[in-house]
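Hi,

Here's the structure I said I'd pass along. Have a look at it first, then read on for my notes.

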Amino acid sequence: MLIKAKDITKGFDGDFLYKNVSFKIESRDKIGLVGKTAQGKQPC
C-alpha cells in the first residue's frame, strides 16, 4: 500500500464538501489530479 487515508472531512462555514471519506492507493494504481493551472499539481 502506498497511501491510506481514513475519515477525512472538509467543509466551510458548516457546509461539508466531503465527510468521513476513506481511501487507499496501491503502488500499481493509476490516479489523476484535477485542478486549475498553477495550483500545486506538479508531477514528481
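Below is what I found, going from the whole chain down to one residue.

First off, keep in mind that this is a predicted model.

On secondary structure, the chain has 2 strands and 0 helices. Strand β1 covers residues 3-12, and β2 takes in residues 15-25. The two run antiparallel and are joined by 7 bridges. If you want one pairing to click on, try K4, whose bridge partner in β2 is K24. Together β1 and β2 make a hairpin, with 2 residues between them. Check the backbone in that turn too: D13 has a positive phi there, about 50 degrees.

As for overall dimensions, the C-alpha trace spans about 35 × 30 × 10 Å along its principal axes. Just 5% of the 44 residues count as buried. The accessible surface is about 4600 Å², and carbon and sulfur atoms contribute 53% of that. Among contacts with a separation of 6 or more, 11% are between residues 24 or more positions apart.

If you're thinking about electrostatics, the chain carries 9 positive and 5 negative charges, and the mean positions of the two sets are 7 Å apart.

One residue I looked at more closely is L17, which sits in β2. Is L17 buried or exposed? Its relative accessible area is 61%, and exposed means over 50%, so L17 counts as exposed. Leaving out residues up to four places away in sequence, L17 touches K10 and G11.

Cheers

Conventions
Residues are numbered from 1 along each chain as its sequence is written. This is a predicted model: local features need pLDDT of at least 70, side-chain atom pairs count only at pLDDT 80 or more; totals for chains, interfaces and linings use all residues. Side-chain values use heavy atoms; hydrogens and water are left out. Helices (H or I, at least four residues) and strands (E, at least two) are DSSP runs, numbered from the N terminus. Buried means under 20% relative accessible area, exposed over 50%, partly exposed in between (1.4 Å probe, protein chains only). Contact means heavy atoms within 4.5 Å. Accessible areas come from the Shrake-Rupley method with a 1.4 Å probe; for residues, only the protein chains shown count as cover. Lys and Arg count as positive and Asp and Glu as negative; His and the chain ends are not counted. The place of a charge is taken as NZ of Lys, CZ of Arg, CG of Asp or CD of Glu. Two strands pair if DSSP finds at least two bridges between them.
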